[in-house]
Amino acid sequence: MTDAPQLQRLAEGVWAYVQPDGGWMINNTGLVDDASGATSIDVTSTAARTRAYLGAAEEVASSPVRRVILTHSHPDHCNGASLLPDAEIIAHRRVADDLRAPHRLAPHIFTPFVQGDVAPRIPTLVFDDALTIAPEGRRIEVRHPGTPAHTTGDSYVWLPAERVLFTGDLVFHGGTPFALSGSPVGWLRALEQMASLEAEIVVPGHGPVGGPELFAPVADYLRFLIDAAADARARGLSPLETARTLDLGRFAGLAEKERIVGNLHRAIAEAEGGQPDIPAAWQDMYEYNGAQPLDCHA
Ligand SMILES: [Zn+2]
């Protein structure tokens, strides 16, 4: 059991919807109010969670959600979009590509959860580098970091007047960063870019809201990962063998520790200039987890 999700007010007309405990498939969203229609940053993983979120949004916003910015293509951030059939869906071009050809996980990987009758929607407005929305003057900047990071099509959303940054999964707070579908090296650059904005409030993709202090622990983990991958290559070990003997040290207290295996698949492949075997990486996370499904509370 986890605490109930809550809308957290960040500035006039700006909220984060924070869903404890931030684990697998339990993400945060953002809400930006405007008389021309509210903007939602991501939706959630299931019908029940997205309905609860939209109900909470309706209570505080002056108008319904008319546009959704998808920070990336992962299902927790996109699944509920079909509950907003008339909203503009805005995302980086690669999010549209990913959603047209979704990767399906083997059914045994996660503990079962009820997704309900929802599905992602293909973006109706795509961009390559950046896009600025200014409904009635409130500037909402959507930026791709110019490199694969958490995925290949990440965006972060910056409200310069309010100095609020919604990072999507470019920041995990309390959970293990997950780089299987991105690039650990690129992610470090994305973190530098976001840090240069000098945000006051940072809304991570998973976990509690914070400030710019949330960037350094993610960068620290990614550097640890890159070093572990280099060591694995030098010793000729597989990602799973490496993970099983790796002392996670200061990262041992992070939730979703099993992500180290998927992360090593990506980091080793990246160092070798190749691509990881994605189904094998998920299966190895399952093996690392004692051949048990990964704990999902969605
Ligand atoms: Zn994600």
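Is E141 buried or exposed in this structure? Let me begin there, with the reminder that what we have in front of us is a predicted model, and the answer is that E141 is buried, with a relative accessible area of 9%.

E141 is a good place to start, since its side chain meets that of R139 in a salt bridge, where the distance from nitrogen to oxygen is 2.8 Å. Its partner has another setting: R139 is partly exposed, and its relative accessible area comes to 42%. If you look around this pair in the structure, you will also find R143, which is linked with R139 and E141 in a network of salt bridges.

Let me now turn to R250 and D220, whose side chains also meet in a salt bridge, with 2.9 Å from N to O. This pair links distant parts of the chain, since the two residues are 30 residues apart. R250 lies in the loop between α6, which covers 239-245, and α7, which covers 259-271, whereas D220 sits in helix α5, made up of residues 215-235. As for how open they are, R250 is exposed, with a relative accessible area of 57%, while D220 counts as partly exposed, at 26% relative accessibility. R250 is called exposed because its 57% is over the 50% cut-off for that word.

A further salt bridge joins the side chains of R259 and E256, and here the distance from N to O is 3.4 Å. In this case R259 is buried, and E256 is buried as well. For the structure as a whole, the count of salt bridges comes to 10, and the pairs I have described are among them.

Finally, let me say a word about the cysteines, and ask how many disulfides a search of the whole structure finds. The search finds 0 disulfides. Take C78, which is in no disulfide, and for which the nearest cysteine sulfur, belonging to C296, is 16 Å away. A disulfide needs two cysteine sulfur atoms within 2.5 Å, so a separation of 16 Å does not qualify. Seen from the other side, C296 is likewise in no disulfide, and the nearest cysteine sulfur to its own is that of C78. Both cysteines are worth finding in the structure: C78 counts as buried, at 0% relative accessibility, and C296 is buried too, with a relative accessible area of 6%.

Notes:
Residues are numbered from 1 along each chain as its sequence is written. This is a predicted model: local features need pLDDT of at least 70, side-chain atom pairs count only at pLDDT 80 or more; totals for chains, interfaces and linings use all residues. Side-chain values use heavy atoms; hydrogens and water are left out. A salt bridge is a side-chain nitrogen of Lys or Arg within 4 Å of a carboxyl oxygen of Asp or Glu. Buried means under 20% relative accessible area, exposed over 50%, partly exposed in between (1.4 Å probe, protein chains only). Helices (H or I, at least four residues) and strands (E, at least two) are DSSP runs, numbered from the N terminus.
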